[in-house]
Every structure is written in C-alpha cells, then in structure tokens.
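Okay, thanks for coming, everyone. I'll put the structure up and walk through the charged pairs, the strands and the core.

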Amino acid sequence: MVMKKIRFVVIIFSAMIFMTACNLKKQNELFTNNTHAESEVSNQQTYSAEEVQVVQKNYDALYLNFTEFNRLTISDEGNWDEEILDENGNIYFQLKEEKYQNTSDVKELLEKTFSIGYTEKHLQWVLNGEYPMFKDIDGYLCIAMLENIVQQLGENVSKIEALNDDKIILITEYKNEDILEKTTYRLSLIFENDKWVIDSLEIL
C-alpha cells in the first residue's frame with residue numbers, strides 16, 4: 001500500500017514538472033515573438049511630410065540630371081555630324097550639341113549626377129580608357145559608337161528606407177506603359193561636395 005502511494009506521488013510530481021516545463025516554453029516563445037515584433041516595428045521608420053518633400057525635391061534634381069545623361073549617351077545618328085578619327089584610329093562622330101561643347105561639360109554633368117566612387121567604379125568608359133564614349137577631337141566634342149545600357153528611373157520616390165544628413169536610401173518605380181512593365185530601383189544618395197548624388201543603384 002505504501003509503495004502504491006509513493007508511486008502515485010511520483011507520478012503526480014512528474015506531471016507537475018512536465019506542465020511547468022511546457023508553460024515555461026510557451027512563455028519563452030511568447031516573449032521571443034513579442035521581442036521580434038517590437039524589433040520589426042522599431043525598424044519601420046516613419047518620416048514627416050516635410051522630410052518626404054525634401055527628399056523628393058533632392059531626387060527631382062537628380063532625376064533630371066540622370067535623364068539628361070541617358071539622352072546624351074544614347075544620342076542617335078540624327079545628332080551626329082561627320083565622321084572623324086582620333087590619334088589611335090578609333091571612329092568618332094562630331095556631336096551636334098549646343099549645351100555640351102566639350103568633355104568638360106560632360107564631366108560636369110557626371111559630377112552633378114553620380115558620386116566620385118560610383119563614377120570610378122561604373123562609368124570610366126564615358127571619358128576614360130583607350131576608347132571612351134566622349135572625346136575632344138580637333139576642337140569638337142565627339143561621340144563613339146558605343147552601346148549604353150539605359151536604365152529609366154521613376155519620377156517619384158515610392159519609399160524612403162533611410163534618411164540622415166549625408167545619406168538617403170530610397171525606392172523608385174519606373175512604369176513602362178508601352179509593355180506594361182514595372183521596374184523597381186533602390187538608390188543610395190550621398191551628400192558629396194555640397195550636393196546630393198547617386199552613390200549606388202540596384203534593380204530589385
């Protein structure tokens with residue numbers, strides 16, 4: 001009889017330990033989930049209407065410069081004059097452009113649009129190398145027959161992912177109405193030499 005009582009007590013005690021362990025596990029999971037949720041909420045930064053307006057204004061200027069850079073680098077034969085060779089025998093065409101008279105003008109457009117780091121990493125082909133796209137020859141701004149992969153940015157900022165005094169990370173969407181296609185870009189802007197410029201660009 002005594003042994004049965006002991007066994008019964010052991011069983012009850014074991015059940016109590018098991019139930020306590022389960023409760024602790026549930027409490028720990030609940031705490032972990034709540035902490036994760038709080039972390040996600042804290043990472044969802046909201047910005048005032050004034051901040052959004054300032055970001056859009058800075059982006060507007062860059063969008064115009066970026067669009068102008070695309071226009072210049074995909075200049076078609078209608079903007080070309082006579083063929084001309086450089087000192088290495090590379091073929092160029094005189095560019096009929098009132099706004100851009102020499103490579104210094106092109107360089108100024110680059111500096112207004114892209115950071116120094118971005119230009120050095122991705123745009124050396126524009127003005128540098130053995131066969132750059134633009135070159136001054138006999139007093140004329142000339143363009144080479146090089147292909148440029150054009151990226152069309154959206155006109156508006158869709159989302160601000162980060163914002164501080166010297167860096168902005170934003171999302172913009174370009175909608176091609178002709179083929180009903182949408183391309184989403186993430187841009188990183190930095191404040192360099194007293195102006196905002198594109199420091200990175202990626203397709204999402």
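Let me start with a question: with which residue does Lys-182 form a salt bridge? It's Glu-173, and the closest N and O atoms are 3.8 Å apart. Keep in mind that this is a predicted model. Glu-173 is partly exposed, because its relative accessible area is 29%, and buried would need under 20%.

A search of the whole structure turns up 8 salt bridges. One of them joins the side chains of Asp-86 and Lys-135, at 3.0 Å from N to O. Asp-86 sits in the loop between β1 and β2, while Lys-135 is in strand β3, residues 134–137, so this pair ties together parts that are 49 residues apart in sequence. And both of those residues, Asp-86 and Lys-135, are buried.

Next pair: Glu-161 and Arg-186, whose side chains meet in a salt bridge at 2.8 Å, N to O. Here Glu-161 belongs to strand β5, residues 157–163, and Arg-186 to strand β7, so the parts tied together are 25 residues apart in sequence. Glu-161 counts as partly exposed at 33% relative accessibility, and Arg-186 also counts as partly exposed, at 25%. There's a network as well: Glu-68, Arg-71, Glu-97 and Lys-99 are joined by salt bridges that share partners.

Now, a charged residue without such a partner. What does the side chain of Glu-192 reach? The backbone nitrogen of Ile-116, at 3.0 Å. Glu-192 is in strand β7, which covers residues 181–192. This glutamate is buried yet has no salt bridge. Why not Lys-195? Lys-195 is the nearest side chain of opposite charge, but it is 5.8 Å away, and a salt bridge has to be within 4 Å, so the pair doesn't qualify. Leaving out residues up to four places away in sequence, Glu-192 touches Ser-115, Ile-116 and Val-197.

On to the strands. β1, residues 80–85, and β2 run antiparallel, joined by 4 bridges. One bridge pairs Ile-84 with Tyr-92 in β2. The two strands make a hairpin with 5 residues between them, and Gly-89 in the turn has a positive phi of about 85°. β2 also runs antiparallel to β4, with 3 bridges joining them; there, Phe-93 has Ile-143 in β4 as its bridge partner. β2 is mostly covered, with 4 of its 5 residues buried.

Last topic, the inside. The largest nonpolar core has 32 residues, and those touching the most other members are Phe-114, Phe-134, Leu-153, Leu-187, Leu-189, Ile-198 and Leu-201. Elements that give two or more residues to this core include helix α2 (49–73), α3 (103–113), β6 (167–176) and β8 (195–203). Which element gives the largest share of this core? That's α2, with 7 residues. As for Leu-201, its contacts beyond four places in sequence are Phe-66, Tyr-118, Gln-151, Leu-153, Tyr-185, Arg-186 and Leu-187. So you'll notice Arg-186 again, the salt-bridge partner of Glu-161. A second, separate core has 5 residues, among them Tyr-92, Ile-137, Cys-142 and Ala-144.

One more stop in helix α2: Asp-60 is found there. Asp-60 is partly exposed, at a relative accessible area of 35%. Asp-60 and Val-157 are 97 residues apart along the chain, and their C-alpha atoms are separated by 9.1 Å. That's my tour; questions welcome.

Technical notes
Residues numbered from 1 in each chain as written. Predicted model: local features only at pLDDT ≥ 70, side-chain atom pairs only at ≥ 80, totals over all residues. Heavy atoms only, no water. Buried < 20%, exposed > 50% of the residue type's maximum accessible area, 1.4 Å probe, protein only. Lys, Arg positive; Asp, Glu negative; His and termini not counted. Polar contact = N/O pair within 3.5 Å; in protein donor to acceptor, adjacent residues only side chain to side chain. Contact = heavy atoms within 4.5 Å. Core = buried A, V, L, I, M, F, W, Y, C linked by side-chain atoms within 4.5 Å. Pairing = 2+ DSSP bridges.
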